[in-house]
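This briefing addresses three topics: a cluster of aromatic rings, a pocket and the surroundings of a helix. The structure is shown first, and the notes follow.

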Amino acid sequence: MNILLTNDDGIDAVGIRTLYDRLSPIADVMAVAPADDQSAVGRQLSQTVDLYEHELGYAVEGTPGDCVIAALGSLDFEPDLVVSGTNQGANLGAYVLGRSGTVSAAVEAAFFNVPAIAASVYFPAGQFDFDEFTPEPAHFGEAARAVEFLVEHASNVGVFETADYLNVNAPLPPATGHAKMEITRPSHVYKMDADHDGNGTVRLNDRIWELMAEGSIPDPVGSDRRAVIEGRVSVSPLTAPHTTTDHEALVGLAEAY
């Protein structure tokens with residue numbers, strides 16, 4: 001199997017190196033990833049990008065979307081699968097999917113008709129000082145194990161005949177054993193708000209992280225966020241966005257127009 005590996009944390013991030021080392025024994029892996037951190041850029045694209053050789057493949061002065069398009073459109077490498085990650089931080093909930101560079105790389109692959117897996121790790125809020133925190137390969141172990149399992153088995157049982165990509169979120173490795181895997185759907189719980197300081201500055205707040213730190217999330221059973229908070233690997237099978245559906249009322253409006 002040929003695997004194109006990318007991410008949004010940058011090609012020198014610990015998460016992508018951990019996946020590269022985990023997948024290389026079972027596949028021909030080539031990384032084409034951003035030269036630096038491109039977190040939360042969504043599907044932003046550039047018109048031109050600089051690409052240069054790296055020990056894992058190629059570094060791109062651009063976004064995760066740039067990396068996928070550059071790799072699939074211009075390099076002599078035809079992947080059977082695109083893997084994006086492993087992201088340092090969870091990508092959970094429906095409202096996050098369009099913002100995440102990690103997930104957006106998988107979506108971009110889907111438009112090329114190449115199946116994809118986006119992978120992220122949940123670092124529990126309140127347990128880490130992220131200003132001083134440097135992750136280690138062990139932090140990504142459960143995610144890498146889950147991705148390896150899906151790479152080896154998902155295509156063989158027809159998963160990608162109905163799903164364009166899988167959004168995988170893993171907890172940190174448990175003290176003993178391994179986390180279980182749960183098939184989930186992205187939570188629709190939305191807790192964004194904003195504060196105005198009266199001087200022209202507005203602070204945008206994602207209150208979900210506060211709830212996750214408290215362990216009091218409102219997400220229902222079967223959702224991605226609840227699975228990860230409770231220590232399971234969440235796998236959401238998804239399709240590329242903007243799928244059109246028939247809508248009788250809109251047909252009537254068009255006829256009236």
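Ring pairs join Phe123, Phe133 and Phe140 into a cluster. The model is a predicted one, and it holds 4 aromatic pairs. The largest pocket encloses about 530 Å³ of space.

**Aromatic pairs**

- A pair of aromatic rings is described by the distance of the centres and the angle of the planes.
- Among the 4 aromatic pairs of the structure, tyrosine 122 and tryptophan 209 form one that is stacked, at 6.5 Å centre to centre and with 25 degrees between the planes.
- Tyrosine 122 belongs to the loop between β6 (116–121) and α4, whereas tryptophan 209 belongs to helix α5, so this pair ties together parts that are 87 residues apart in sequence.
- Tyrosine 122 counts as buried because its relative accessibility is 5%, which falls under the 20% limit.
- Tryptophan 209 has a relative accessibility of 35%, between the limits of 20% and 50%, and therefore counts as partly exposed.
- The ring centres of phenylalanine 123 and phenylalanine 140 are 5.9 Å apart with the planes at 70 degrees, so this pair is edge-to-face.
- Phenylalanine 123 and phenylalanine 140 each lie in the loop between β6 and α4, so the pair ties together parts that are 17 residues apart in sequence.
- Both phenylalanine 123 and phenylalanine 140 are buried.

**Largest pocket**

- The volume of the largest pocket is about 530 Å³.
- The lining comprises 25 residues, of which Gly89, Ala90, Asn91, Val96 and Trp209 are the closest to the centre of the pocket.
- Two elements, β5 (81–88) and α5 (208–214), give two or more residues each to this lining.
- Helix α5 gives the most to the lining, with 3 residues.
- By class, the lining residues divide into 13 nonpolar, 7 polar and 5 charged.
- Trp209 thus appears under two topics: as a residue among the closest to the pocket centre and as the partner of tyrosine 122 in the stacked pair.

**Helix α1 and its cover**

- Helix α1 spans residues 14–23, and its buried residues are Gly15, Ile16, Thr18, Leu19, Tyr20 and Leu23.
- An α-helix has 3.6 residues a turn, so residues three or four places apart point the same way.
- The cover over the buried residues of α1 includes the strands β1 (2–6), β2 (28–34) and β5, together with helix α4 (141–153).
- Strand β5 is therefore listed both in the cover of α1 and among the elements of the pocket lining.

How values were computed
Residues are numbered from 1 along each chain as its sequence is written. This is a predicted model: local features need pLDDT of at least 70, side-chain atom pairs count only at pLDDT 80 or more; totals for chains, interfaces and linings use all residues. Side-chain values use heavy atoms; hydrogens and water are left out. On a 1 Å grid over the protein atoms alone, a cavity is a set of points where a 1.4 Å probe fits but cannot get out, and a pocket is an open set with protein on both sides within 12 Å along at least five of seven lines; lining residues have an atom within 4 Å of a point. Grid points are joined across faces, edges and corners, and a volume is the space filled by probe spheres set on the points. Helices (H or I, at least four residues) and strands (E, at least two) are DSSP runs, numbered from the N terminus. Ala, Val, Leu, Ile, Met, Phe, Trp, Tyr, Cys and Pro count as nonpolar, Asp, Glu, Lys and Arg as charged, and the others, Gly among them, as polar. Buried means under 20% relative accessible area, exposed over 50%, partly exposed in between (1.4 Å probe, protein chains only). Contact means heavy atoms within 4.5 Å. Rings of Phe, Tyr and Trp (its six-membered ring) pair if their centres lie within 6.5 Å; planes under 30 degrees apart count as stacked, over 60 as edge-to-face and the rest as tilted.
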